[in-house]
Each structure stands twice: as structure tokens, then as C-alpha cells.
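Reader: Hi! I'm a first-year student and I'd like a close look at one part of this model. Could you walk me through it slowly?

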Amino acid sequence: MTTNTWTSALNRSALQHLTRDGVLLFITRFARLFSYGALSVVLVFYLTGLGLSEAQTGVLLTLTLLGDTLVSLLLTTQADRIGRRRMLIIGSFLMAGAGVVFALTNNFVFLVVAGTIGVISPSGHEVGPFLSIEQAALSQIIPARGRTAVFAWYTLTGAIATAAGSLFAGLLTQGLQRNALTPVGSERTIIFVYAALGVLLALLFSRLSIASEVRNAGGATAKGLLGIGSSRRVVLKLTGLFALDAFGGGFVIQSFVAYWFYLRFGVNPATLGGIFFGANIFAGISALVASRLAARFGLIKTMVYTHLPSNILLILLPLMPNLPLAIAVLMLRFSISQMDVPTRQSYTMAIVREEERSSAAGITGVARTTGAALAPVFVGLLFARPSLINVPFFIAGTLKIAYDLLLYRAFVHLQPPEEQMKRP
């Protein structure tokens, strides 16, 4: 059996053996990323429509992401001790509460408080405690050799959901505005949908079984507040690198990229929804290819070799002279930019102990959220000057290329157990 045939079969069989908990976690992933994708298309438009300046919007999004970081750190590092289901339910209610406040007020202080305490995703990507705890639970209920394949499907599910949410937001706001609703009113509807899906997530998480909980909950307690022991050195090194990558990515979060298309080419929200629908579909499909590449070349090499060219395309995007070429470069970048996601998640879960997985994923996830949170305030300032709206793309691409090179140098020789077993 060839490598491609074997990995294709592994991709399919990995899903066939998902437990009821695994299916539930895929459903929650879809619901959550659908809401994130919808929100990301309209959030900057909505906030500026409420009267916030671009600079204020950047500050708000930065504080929102920093708040998500603190919430995530608190919930994920205690999840293995107190209970993964409980923490996921708490995170869901924080998401719903933040959505309600954003929909009901235009007071900047109230928005900052709600965004800091609650869970709001301006990027279209994961924030809060959900991803880290779900990764740990999935890693526990699937065999090691199928982990990357399951994470690839998990990534694809999220990408499809983000794409569907983006398209939904664009079409719904356009339809509502055609029926005499104001732009802000139509965008507020999306915010209410976001809050409602937070409540739905709480209900879904309450259906998880005891099998999703860690088998050695006492191990996390013995390791102190952060819940890591023997993996501390590796986790902290990954934390620094992931923060650098996310800081670069924070300059091109989907909300601001959508706004850039509007400023540069006059693209309306409905068209933006279609653009990001296609982009996220490409990103999701690429995750399945990533699992095949990882089976052949290893997780670290797959992460770096696919991420580098995507970052070069990121630098090229603002140099495109017209909308069709800009869309083409964006689609091409998305077709390879997310290949490092399932491989990065699988690698992190593989090199730490079972009872440290939620904490390790949480700490590295917090690093990514923190890195991403610092960038929007600078992006807001750059977008306030029309001559500088292309600069965030150049900064992002350069920082992310540096991350790729540093990651390869630090971890190319540290293989996960399943890759060591394949060596002759």
C-alpha cells in the first residue's frame, strides 16, 4: 500500500471510529466557528457604525483578545483538575454574555468590559478556552496514530463552519438592508446570532460524558497552578514561538482584512462574505492534505514547509493592482496557510503527558491569543492613515517567516512518539 493510499484510508477510518463524545466535539467546533466567521465579517463595520474611530476599534479588539487570554488561561489550566465539561460550559456562557452586551450598547467602556471579561472573536479564529480543552479530550479518545488525521478533519470542520458563517453574515446583512434595516441594525442581528450560539454551545457541552475527562486528574494538581511538570521546558519554548507567530497574524485578522478590501477596492459586506467563504473552504481542505504530508515528512517539517510560502503570499497580497488578483492571491494563500494548524495541534498533544494536555494546549493557546491581541491596536493606528493600510501585511509576513525558521531550528530533531516508532 502506498503512503498516499495508507494515509487516505487512515483519514477515513479515523472518523469512522469517533465516539459519541468525539461527534459532539465536532458539532461544537462547527457551531462555534460558524459564529466566529459570521462575527468577523461585520464586527469592524458594526463598531465603526456605532461611532467608534478606527483607533478606538483597534484598542477595543486588543483589549478583547487580552481578556480572552486571561479567561482561557484560567479555565484551561484548571480544566483537568476541576472538569473539562464545566470549563467549556462556563466559556460558552461568557461568549453568550459578551454577544448580548455588544448588541445592546454603544458605550465604549461597557464594550471594553464585556469584551475583556467575555469571549469575542474578531479574527474568525479560535479564542477562549474551547480549542485547548477540546484538543485534550479528542487526544484522549482516539489512538495516537490517528490523532493528526482526526485533527485535520477537525480543522476542516472549523474552516467550513467559518466559511459558512462568513457567507451567512454577508447575505443576511445584505438582505436585511434591502428591507429597509440600517447597516448597523443588520450587523446587530449577527451579534445576537453570536450570543444565541453561545447558549447552544453550553447545552451541547453539557451532553459530554465522563470519558472526556482526564483519567489522572490529580496529576494536574500536583504540578501547580499551570498544570505542567516534565513538559515545562518544551511547552515554554513553544509558547514563545507561537506568540511570535500569532503576533504577526494579529496584523491581518479577518476583520481588518475584510475592512482593507473595503478601503482598497470598495468591496461590500455581501461580497466579502463570499470571498471569505471561498478562502476558508480552501483552508479547510488543505488540512486533509497536511495530514498526508505529515505522515510522510513528519509534523515539524510539514508545519514549516507549508507555512513559509503562505507568508510570502501574504506579503504579496497588498501589492496586487486590482481586486481579481488580490482575491486570487488571498485564495492561494488560504489554500496552504492552515496546513500547520492540525500538525501544530497534534505535535503539541504528542510531546506532553496525558494529564498535562489541557494545560499545555491552554498555555500555548494563551500565548497565541496574547500575541494576536497586541497587534490590532497598531493596525488601528495604521488604518487611520490611508497611506499605511498596506503596512500590516508586510509586518505580518516578515514576523511569521521568522517564526517558521526559528521553529524548525528548535524542534526539527524532537519527534513525537509515533514518528520515532516508524524509524527503521
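Reader: Which residue forms a salt bridge with D245, and how far apart are the closest N and O atoms?

Author: Quick ground rules before we dive in. This is a predicted model, where local features need pLDDT of at least 70 and side-chain atom pairs count only at pLDDT 80 or more, while totals for chains, interfaces and linings use all residues. Residues are numbered from 1 along each chain as its sequence is written, and side-chain values use heavy atoms, with hydrogens and water left out.

Now, your pair. The partner of D245 is R368, and their closest N and O atoms are 3.0 Å apart. To count as a salt bridge, a side-chain nitrogen of Lys or Arg has to be within 4 Å of a carboxyl oxygen of Asp or Glu. D245 sits in helix α10 (residues 232–250) and R368 in helix α16 (residues 357–383), so this contact ties together parts that are 123 residues apart in sequence. Helices here are DSSP runs (H or I, at least four residues; strands are E, at least two), numbered from the N terminus.

How covered up are the two partners? D245 is buried, with a relative accessible area of 1%, whereas R368, at 21%, counts as partly exposed. The cut-offs are under 20% for buried, over 50% for exposed, and partly exposed in between (1.4 Å probe, protein chains only).

Your pair has company: the structure holds seven salt bridges. One of them joins E134 and R32 (2.8 Å, N to O). E134 lies in helix α6 (residues 130–141) and R32 in helix α2, so that pair ties together parts 102 residues apart in sequence. Both E134 and R32 are buried. They also belong to a salt-bridge network that links R29, R32, E126 and E134.

Then there's E213 with R85, at 3.0 Å from N to O. This one links distant parts of the chain, 128 residues apart: E213 is in the loop between α8 (183–205) and α9 (217–222), and R85 is in helix α4 (residues 84–104). E213 has 12% relative accessibility and counts as buried, while R85, at 25%, is partly exposed.

Let's zoom out to see what surrounds these pairs. The protein chain has 18 helices and zero strands. Its radius of gyration is 20 Å, close to the 22 Å that the globule rule gives for 424 residues, so the chain is as compact as a globular protein of that length. (That radius is taken over C-alpha atoms, and the rule is 2.2 Å times the number of residues to the power 0.38.) Buried residues make up 58% of the 424.

What about the nonpolar inside? A nonpolar core is a set of buried Ala, Val, Leu, Ile, Met, Phe, Trp, Tyr and Cys residues joined through side-chain atoms within 4.5 Å. The largest has 91 residues, and L47 and F102 have the most contacts inside it. Helix α2 (residues 20–49) gives the most to this core, with 13 residues. A second, separate core of 13 residues includes L238, L407, F411 and V412.

Back to F102 for a moment: leaving aside neighbours within four places in sequence, its contacts (heavy atoms within 4.5 Å) include L43, L47, L111 and I191.
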